[in-house]
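Good morning, and thank you for the time on the agenda. I would ask you to keep the structure in view while I go through its sheet and what packs against it.

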Amino acid sequence: MEEKANAPAAISKEQNPWSIQQCDDGAPRLNKSAYVLYYDSVIDRFAKDNPNMEADELMQLAEESYEALPATERAEWEAKGAADEARYQHEVATYVPPQGYDAQGYLIVPDPEPTPRDGREVTKTEIERAMQTVVARSSVAETDEDPLLEVLFFPRNNLESPRHTEDEGDNFSDWTGLFEYPKPDDEDTVLKYDWMEEHLYDGYRVVLETVLRKGWERMKADFKQIPTAAAWSVQRVQSCEDVEATLMPVLQDGKQVFLLCPTSAECVPRLGALKMPTPYEDRDEKAGAGHYMNHDVWFEDCGDGGMYVLGLDERVLLFYVDGPGDMVYNRWQCHKDQWEDMWRSAFGKTTINIDEAPASTTSTQS
């Protein structure tokens, strides 16, 4: 029998790009404008004198105060700003960055090269044959496509669906809360937030896990529980506009489609096996899944977006991100044991090999 894998509690320090120093300590410190210097000098006092004001109100107050300064006092701040700019330009001109840092002292982080993968094109016929072999070598049921599959998986695209208003989704950027994070004075931390913003749609585990952990108390109500009645089957999906019409694993119950797996089906001919969507790690490199919205997490590509399968401690989270539309939908969760049990109940084991000889009917299935 296969043993259930233990879920890691969190990403390791080695996987976390934040563990890398993003700015050289000896780099020139960016200059501040006259207004920023003034703002820094008064904002603490304004906050103390106006404890009920929100941050944006305090910023407005500081701006109005600066605009109201007498000309002579305003000129003093402008002179301080000019002096700070001159200081910065001098430091930049004389600064010699360490190896691996640019002229301003920022860490040079090139866009990651795609992990070498066998990304050969596979035909629809290859996928069909591979998935038929999976069905023959497992206990999963092959069924016709549910006639309501597209409505159940994409209710937001089907205005006639009674579930349309139940799943209108949220703006993904706003929902993550990443763009509302306070930007501290520490430049290294600011760079970390900037790095996360830049890679929000690239499928970095460190980004997705960080925003989920930070906002979980707010987000957890959005993740509905996958019912125990949910079950896997193999269906020939062909009604979904952005999904290749072919056999693929589908997780659903009578009321909802939780997950389509077009990428998993496409990878079977390359990998020689169908693997359970693994919440705590990326696919095998040999699967050739590519990197669209996916750096190191499990992702099912459904065209203009797709479904993430992400493990967070004992929870398995599913959520659909429409990258071009900047929306998030279909948020589901279950315990990691339920996730594996649902798969095993349908397929018999976590990995179904199609290249090996079929097991004898008298042998015990692992």
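Two strands are said to pair here if DSSP finds at least two bridges between them. By that criterion, β5 and β6 are paired: three bridges join them, and they run antiparallel. Within this pair, Val250 stands opposite Leu260 in β6. Please note that this is a predicted model.

Let me now place that pair in the sheet. The sheet is open and has four strands in the order β1-β4-β5-β6, with mixed pairing. β1 and β6, the latter spanning 257–260, stand at the edges with a single partner strand each, so one side of each has no neighbour in the sheet.

Two helices pack on this sheet. Helix α4, residues 124–136, touches β1, β4 and β5, and its direction makes about 50 degrees with that of β5. Helix α10, residues 336–347, touches β4, β5 and β6, at about 60 degrees to the direction of β4.

Why is β4 largely enclosed by the rest of the structure? Five of the seven residues of this strand, 231–237, are buried, and therefore we describe it in that way. β4 pairs with β1, residues 142–143, in the parallel sense over two bridges, and with β5, residues 246–252, in the antiparallel sense over seven bridges. Gln235 of β4 stands opposite Thr143, and its bridge partner in β5 is Met248.

Finally, the cores. The largest nonpolar core has 46 residues, and those with the most contacts inside it are Met131, Trp232, Leu259, Leu318, Trp339 and Phe347. Another core, of 26 residues, lies apart from it and includes Phe172, Trp195, Tyr204 and Leu317.

Notes
Residues are numbered from 1 along each chain as its sequence is written. This is a predicted model: local features need pLDDT of at least 70, side-chain atom pairs count only at pLDDT 80 or more; totals for chains, interfaces and linings use all residues. Side-chain values use heavy atoms; hydrogens and water are left out. Buried means under 20% relative accessible area, exposed over 50%, partly exposed in between (1.4 Å probe, protein chains only). A nonpolar core is a set of buried Ala, Val, Leu, Ile, Met, Phe, Trp, Tyr and Cys residues joined through side-chain atoms within 4.5 Å. Contact means heavy atoms within 4.5 Å. Axes are lines fitted to C-alpha atoms, for helices over the stretch in contact, and angles run from 0 to 180 degrees between N-to-C directions.
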